[in-house]
Amino acid sequence: SFHLSDSVIDRMKEPSSPSGRQQSQHRSSSGAVNDEELKKRIAEELALERARRDSEAQKRRLKQEQMYVRDEFGKLLERERISSNEHLTRAILRERAATEEEKADLFLLLVFSLLLGNSV
């Protein structure tokens with residue numbers, strides 16, 4: 001369902017070549033219209049319009065796909081950042097726990113040494 005403007009239709013009625021113009025003038029002077037030529041031009045114009053719309057639709061789809069990929073990539077990076085932070089936090093907590101355990105071990109060693117009368 002395409003609608004052609006009057007200027008487009010007028011343009012299609014005009015012959016593109018000088019010989020075509022003479023033929024058209026000759027036929028129009030006799031009152032006959034070159035229906036085949038007009039149909040051909042309308043078909044060409046419709047094909048051009050359809051191609052232009054298809055191209056615009058493809059551009060819109062491409063832009064939407066690019067936005068989707070960018071969003072998904074951003075989500076992936078955010079998940080990776082969170083995971084990395086959690087991993088780092090767990091590593092820090094493990095290190096603190098190990099340090100606390102070492103301190104506790106040293107404290108127990110000191111207490112036992114004092115209780116047993118050994119000098120440390």
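**Salt bridges and surface patches along a long helix**

K75 pairs with E72 in a salt bridge, with 3.3 Å between the closest N and O atoms. The model is predicted. Both K75 and E72 belong to helix 3, where 3 residues, or about one turn of the helix, separate them. K75 is partly exposed, at 45% relative accessibility. E72 is also partly exposed, with a relative accessible area of 30%.

The overall layout gives the setting for this pair. The protein chain holds 3 helices and 0 strands. Read from the N terminus, its elements follow the order α-α-α. The protein chain has 120 residues, and 9% of them count as buried. Its accessible surface amounts to about 10,700 Å². Carbon and sulfur atoms account for 56% of that surface.

Helix 3 spans residues 35-116 and contains 82 residues. From the first C-alpha of helix 3 to the last, the distance is 119 Å. This is close to the 122 Å expected at 1.5 Å a residue. The buried residues of the helix are L38, R41, E45, E49, A57 and S113. Charged and nonpolar side chains both appear in that list, with R41, E45 and E49 beside L38 and A57. Just after helix 3 comes G117, with a positive phi of about 85 degrees.

Salt bridges were searched for across the whole structure, and 7 were found. Side chains of opposite charge can pair when their charged atoms come close. Besides the pair described above, two further examples lie in helix 3. One of the bridges joins the side chains of R52 and E56, at 2.6 Å from N to O. R52 and E56 sit 4 residues apart in helix 3, about one turn of the helix. An α-helix has 3.6 residues a turn, so residues three or four places apart point the same way. R52 is partly exposed, with a relative accessible area of 40%. E56 is partly exposed too, at 32%.

Another bridge links E78 with R81, whose closest N and O atoms are 2.5 Å apart. About one helical turn separates E78 and R81, because they are 3 residues apart in helix 3. The relative accessible area of E78 is 35%, so this residue counts as partly exposed. R81 is partly exposed as well, at 42% relative accessibility. Salt bridges with shared partners also connect E49, R52, R53 and E56 into one network. Within that network, the bridge between R52 and E56 is the one described above, while E49 is among the buried residues of helix 3.

The surface also carries two patches of contrasting character. The first patch to consider is nonpolar. It consists of F107, L108, F112, L115 and L116. Together these residues offer about 600 Å² of accessible area. F107 is part of helix 3. Its relative accessible area is 55%, over the 50% cut-off, so F107 counts as exposed.

The other patch carries negative charge. E95, E101, E102 and D105 gather there on the surface. E102 lies in helix 3. At 52% relative accessibility, E102 is again over the 50% cut-off and therefore counts as exposed.

In outline, the predicted model shows an α-α-α chain whose helix 3 runs through residues 35-116. That helix holds the paired side chains of K75 and E72, of R52 and E56, and of E78 and R81. It also holds F107 from the nonpolar patch and E102 from the negative one.

Notes
Residues numbered from 1 in each chain as written. Predicted model: local features only at pLDDT ≥ 70, side-chain atom pairs only at ≥ 80, totals over all residues. Heavy atoms only, no water. Helix = DSSP H or I, 4+ residues; strand = E, 2+ residues; numbered from the N terminus. Expected span 1.5 Å × (residues − 1). Buried < 20%, exposed > 50% of the residue type's maximum accessible area, 1.4 Å probe, protein only. Patch = residues over 30% accessible without salt bridge, like charges linked within 9 Å, V, L, I, M, F, W, Y side chains within 5 Å. Areas by Shrake-Rupley, 256 points an atom, 1.4 Å probe, with all protein chains shown as cover. Salt bridge = Lys/Arg side-chain N within 4 Å of Asp/Glu carboxyl O. Lys, Arg positive; Asp, Glu negative; His and termini not counted. Charge placed at Lys NZ, Arg CZ, Asp CG, Glu CD.
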